[in-house]
Amino acid sequence: MNIKSQKDFFSGLMFMGVGVAFAWGATTYNVGEGARMGPGYFPLMLGVLMAILGAAITFKALVVEAVGGDKIGKWAWKPLAFIILANLIFGVLLGGLPSIKLPPMGMIVAIYALTFISSMAEDGWKVKNTFILATVLAIGSYLAFVVLLKLQFPVWPFFIG
């Protein structure tokens, strides 16, 4: 069989792999039934839908002709590194790192760090735009998680509040 679109073929395989992993992992939880869903119901259904979507995308890549074969380009290492680093720093700042005695810095600091580091992945990023985005995300997250959902976690660094 001839692959007519490499991008669609490999993204379809990725969707199928992630979907199967989610569905398989969900079976370790109580799935329940439609009327009384357990904690594993949503990840199971999400996994099944992702696997079906992946199969459809993979099938399309094998059947529908794409202009130029839709080849996969080179890996974008810079954005990949910045996005992964931003998520790691977010987790460390939000929860702290007891092994090096770093206390939690709070949600606001973590969101600003996440936004600034991940924005550096873009070519020609602007500090002003990133600052506005970080401020909107911080306010929105505070309202959603602390005010509305009443979740208990540090909002500010330990030395502020």
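**Figure 1. L53 in helix α2 of the predicted model.** L53 is one of the residues of helix α2, which covers residues 41-63. With a relative accessible area of 43%, the residue L53 is partly exposed, since the value falls between the 20% limit for buried and the 50% limit for exposed. E33 is shown with L53: the two are 20 residues apart in sequence, and their C-alpha atoms are 23 Å apart in space.

**Figure 2. The protein chain and its helices.** Five helices and zero strands make up the elements of the protein chain. Read from the N terminus, the order is α-α-α-α-α. The radius of gyration is 21 Å, well over the 15 Å that the globule rule gives for 161 residues, so the chain is more spread out than a compact globule. Taken along the principal axes, the C-alpha atoms fill a box of roughly 65 × 50 × 30 Å. Of the contacts with a separation of 6 or more, 64% join residues 24 or more positions apart.

**Figure 3. The largest nonpolar core.** Six residues form this core: M107, I108, I111, A138, V146 and V155. The elements that give two or more residues to the core are α4 (107-119) and α5 (127-148). Helix α4 gives the most, with three residues. In soluble globular proteins, nonpolar side chains tend to be buried together.

**Figure 4. Surroundings of V146.** V146, a member of the largest nonpolar core, touches M107, S141, L151, F153 and V155 when residues up to four places away in sequence are not counted. Among these partners, M107 and V155 also belong to the core.

**Figure 5. S141 in helix α5.** Is S141 buried or exposed? S141 is buried, because its relative accessible area of 15% is under the 20% limit. Leaving aside neighbours within four places in sequence, S141 is in contact with M107, I111 and V146. These three residues are listed in the largest nonpolar core.

**Figure 6. Surface and charges of the protein chain.** The protein chain exposes about 11,200 Å², and carbon and sulfur atoms supply 73% of this area. Buried residues make up 25% of the 161 residues. The chain carries 11 positive and 6 negative charges, and the mean positions of the two sets are 10 Å apart.

Technical notes:
Residues numbered from 1 in each chain as written. Predicted model: local features only at pLDDT ≥ 70, side-chain atom pairs only at ≥ 80, totals over all residues. Heavy atoms only, no water. Core = buried A, V, L, I, M, F, W, Y, C linked by side-chain atoms within 4.5 Å. Buried < 20%, exposed > 50% of the residue type's maximum accessible area, 1.4 Å probe, protein only. Helix = DSSP H or I, 4+ residues; strand = E, 2+ residues; numbered from the N terminus. Contact = heavy atoms within 4.5 Å. Rg over C-alpha atoms; globule rule 2.2 N^0.38 Å. Areas by Shrake-Rupley, 256 points an atom, 1.4 Å probe, with all protein chains shown as cover. Lys, Arg positive; Asp, Glu negative; His and termini not counted. Charge placed at Lys NZ, Arg CZ, Asp CG, Glu CD.
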